[in-house]
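Colleague: I have some blunt questions about the labels you put on this one. Could you bring it up on screen and talk me through them?

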Amino acid sequence: MKTFVGLFLSSTAFGAVILVAYWFVAHEETTGSVLLAIMTAALAFAAVYAVIAERHAHIDGDGQDLTPEDVKGEDLGVYTTHSPYPILLALSCLFMLLGVLYSPILAFAAVVAVLLCLWRLGAESARV
Amino acid sequence: MHWLIHPATSQGALMQQTWIVSLVAGLLVALYVYGAIIWCLIRYRRRESEPASFTGNKPLEITYAIIPLIIVIGLFLVTMHSELPVDRVSAHPENRIDVTAFRWSWRFGYNGDRIVTFGTPAQPPTLYLPLGRTTEIDLTSSDVNHSFWVPAFLFKRDAIPGMTNRFDLTPTRTGTFLSRCAQFCGVDHALMTFIVKVVPAAAYDRFIASNGVAKP
Amino acid sequence: MITWLTATDHKKIGIMYIITTMVFFVIAGILALMIRAQLATPDNDLIPSHLYNQIFTLHGTAMIFFVIAPFGLGLANYLVPLQIGAPDMAFPRLNATSLWLFVIAGIITFLGLATYGGAAAYGWTNYAPLSEISEGTGVGADFWLIGILLASVSTILTAINITTTTFLLRAPGMTMWRVPIFVWEMIATAILILMAFPSLTAVTLMVLIDRHLGGHFFDPAFGGNPILYQHLFWFFGHPEVYVMVLPYFGIVTEVIATFARKPVFGYVGLVISAFAIAGLSIGVWAHHMFTTGAVSNPFFSAVSFLIAVPTGVKFVNWIGTMWKGSIELSTAMLFAVGFLFNFLLGGITGVMVASPPIDYQVHDSYFVVNHFHYTLGGGSMFAMFAALFFWFPKIFGVKLSERLGKWCFWFMFVGFNITFIPMAFMGLEGMARRVYTYPNVEHLALLNGIASFGGVILAIGVALFFVNILVSAFAHVPVPANPWGGYSLEWATSSPPPEFNFETMPPINSRRPLWDAPSTQGSGP
């Protein structure tokens, strides 16, 4: 996890460097500066989150000398193997976009379908 | 090189130098790396002996990071050597021509639009340029993005609706050069050609003075 | 059938990803052959302009959005959990959602062909304001935009999934500095996707708003700006190039190390260079806009040149990995070496076009067509085949014929170079890209004839690959867990792996768990 904190912190620093360099060379061109600023802000957000999350993290993968024996019997959670909702959600997204362009009724129905799928997906993950 | 890159403007001659330096540098790097790969494939094909087990070599890796850095810094300097003069626009051009791209041909306006010529995809228009004089081209588009490309000048610039691009051309030899739109612009993009004709300055002056009657 | 449609297992999802990309790969290849047929002779009228424009648009769209980029993601779906010793991806249902969004995106994009007026015909870059003028293509262009919108969302979701999986689900002992280079390259790819793809989502939505909801983002008559489109598009578009290359760097690294029987040379250097490339690629987008006269050419030129440095580091590491090794030229290794040869040429022309004065001549010409086909075709596509030959036995439990595979490689390698070398010269002689015909001037007729001939050889090579699959499936020789003597964790489990991947996990105390603990090698059928 320490590696990831370092990764996001250095990415943020790099984004800031590019942003400042770009601003100096081409500040009259605002689109690029805005894009770089948003990107750097997003990286900073991830970095801050990583710093906070790192304090409470216990990740088996980070243990240099851990072996599979050491974590035997540990609960890895339940991994699902099947769910009908992802494909339904994807189809609903398609009809939502088609509906926005061509048919408000279709759009409305598709939005309902998207919400239903999301609700079922949420219920499924909560169950396990 | 003469066959492919034989520029007909002084700006093109500058860019030709960048071309040649980059091409030579690229070929040398390619030969070196190809040599190393082929050597590995021949010398280290699978044999009875055990392979080595080293996992890196810091000094060597750093050296081979610095060498490309030096090469690209050199290439960047060579680039700027031609880029800056080519992009510079003269404050007092000897001649100015308005070029407007439209789907799918060109409109050329000489002498403050006193002489105007149009083309069609079937009848490409001709752009006359005086030899040895610096002509400023004011380029725009009336519909979608196009690009003004004269391969013999090693040069193109985009024609974009809502903005005017200015650049200088100084032809160094007479001739007729097939030119075209380079930015995809729809059905007849392939036919959106024009002809650049570099003519002696005197002939060009007669063309302007006669309001376009005396074709050079 | 239903078990596949509802599957959330990362291996099934990976397989469906890869099969979908292969379908689009064949379609894109057929479109490419149609392009070469039309351009084989000057002033040809085999394919009319409006149809030709749809063909090259769909060829580029398919190869970029539905083949090269998603193959890397699909392979990562299959391999990343195996290589880090995880039972599945972190979010299996999200993973399935990504897959189906991607499949549906591809289908809706190509359904444009069935609409009145045909599919989108604006090139894969879809430049506004051209793409906002309905010129014969109305519904088809909408379908294209919907497809790209869905594909971009799907890609972002996959990137989140890959990042989280590598953060949290590594097996005990699999520290970050022990994961295979392929995993590192995928982390760099995923973070790059998260930075760049939202820009694509935004710009595609903006074009849809302009087309249907009365927006004028890119229309100068109403205060819009066509340059804004290019900024937003290339802010995604250039990082996308590395999204299509970084996974393949990872593939090539694994293949070379395995067949040279040697540890990866300069592991840390490879990781750092992956992130250096990803980082720098954020700052080079406007080198696609050198000729617009609206951007700072020196800035973008300088950063573009700098990308050559980490890429050079990678070449040193690959050659270093082969150096003093014991190289077996299997089909996968041949394709990896083919990648090195082709990608180097693409890289060198890439450094050339990073120079604005050179770009002024070759931008939007066939020289650039040569350049990006050497990086994405000769580079990524060859690495894709290296991956297919290398991991096919693991995924399907069947080894592909090496004999046929070598024929496949040589046809593809020779065919590829015959097709694309002439294009550099076409560009210098003044042939623009995206033209459906060209006049018989200079050497264009000869050069195009050679390129079309090469295209046929390349197509035979690709066809041999699919013949190989049929022949090998019919012969059905079962393979052991580790047929190539690989070192990473996926070779520790059976071929194909069981549900949740590992019956028993080998101890992990180095970067090469299987080489450093040989007792686990060859276990399982």
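Modeller: Sure, and bear in mind that this is a predicted model. One yardstick before we start: the expected span of a helix is 1.5 Å times one less than its number of residues.

Colleague: Then how do you know that helix H2 of chain B reaches close to what is expected?

Modeller: Helix H2 of chain B, residues 58-87, has 30 residues, and the rule gives 44 Å for it. From first C-alpha to last, the helix reaches 42 Å, so it comes out close to the expected span.

Colleague: What makes a residue of H2(B) count as buried, and which ones are they?

Modeller: The cut-off is 20 or more other C-beta atoms within 10 Å of its own. The residues of H2(B) that pass are B:Glu61, B:Tyr64, B:Pro68, B:Val72, B:Leu75, B:Thr79, B:Ser82, B:Glu83 and B:Val86.

Colleague: What do those buried residues pack against?

Modeller: Within chain B, they pack against helix H1 (10-43). From chain C, their partners are helices H9 (267-282), H10 (297-322), H11 (331-353) and H12 (356-362).

Colleague: Why is chain C called as compact as a globular protein of its length?

Modeller: Its radius of gyration is 23 Å and the globule rule gives 24 Å for 525 residues; the two are close, so the label fits. The C-alpha trace spans about 70 × 50 × 50 Å along its principal axes, and buried residues make up 70% of the chain. As for secondary structure, chain C has 16 helices and 0 strands.

Colleague: What makes you call a set of residues a nonpolar core, and how many residues does the largest one have?

Modeller: The members must be buried, of the listed nonpolar types, and joined through C-beta atoms within 7 Å. The largest such set has 284 residues. Helix H3 of chain C (residues 49-84) gives the most to this core, with 21 residues. C:Val252, C:Phe335, C:Ala336, C:Ala383 and C:Ala386 have the most contacts inside the core.

Colleague: Which residues does C:Ala383 touch, leaving out those up to four places away in sequence?

Modeller: C:Ala383 touches C:Tyr248, C:Ile251, C:Val252, C:Phe335, C:Ala336 and C:Phe339.

Colleague: How do you know that domain 1 and domain 2 of chain C are in contact?

Modeller: Contact needs C-beta atoms within 7 Å. By that test, 39 residues of domain 1 are in contact with 44 residues of domain 2 in chain C. On the domain 1 side, H6(C) gives the most, with 10 residues, and the classes there are 27 nonpolar, 9 polar and 3 charged. The centres of these two domains, over C-alpha atoms, lie 19 Å apart.

Colleague: And what about the two domains of chain B, 10-87 and 95-209?

Modeller: Their centres are separated by 38 Å, and 6 residues of domain 1 are in contact with 7 of domain 2. The domain 1 side there has 2 nonpolar, 4 polar and no charged residues.

Colleague: Last one: how many residues of chain A are in contact with chain C, and what supplies the largest share of that side?

Modeller: 43 residues of chain A are in contact with 46 residues of chain C. H3(A) supplies the largest share of the chain A side, 11 residues. Of that side, 27 residues are nonpolar, 12 polar and 4 charged.

How values were computed: Residues are numbered from 1 along each chain as its sequence is written. Chains are lettered from A and ligands numbered from 1 in the order in which they are written. This is a predicted model: local features need pLDDT of at least 70, side-chain atom pairs count only at pLDDT 80 or more; totals for chains, interfaces and linings use all residues. Helices (H or I, at least four residues) and strands (E, at least two) are DSSP runs, numbered from the N terminus. A residue is buried if 20 or more other C-beta atoms lie within 10 Å of its own, exposed if 12 or fewer, and partly exposed in between; C-beta atoms are placed from the backbone. Two residues are in contact if their C-beta atoms, placed from the backbone, lie within 7 Å. Domain bounds come from an automatic or database domain assignment. Ala, Val, Leu, Ile, Met, Phe, Trp, Tyr, Cys and Pro count as nonpolar, Asp, Glu, Lys and Arg as charged, and the others, Gly among them, as polar. The radius of gyration is taken over C-alpha atoms; the globule rule is 2.2 Å times the number of residues to the power 0.38.
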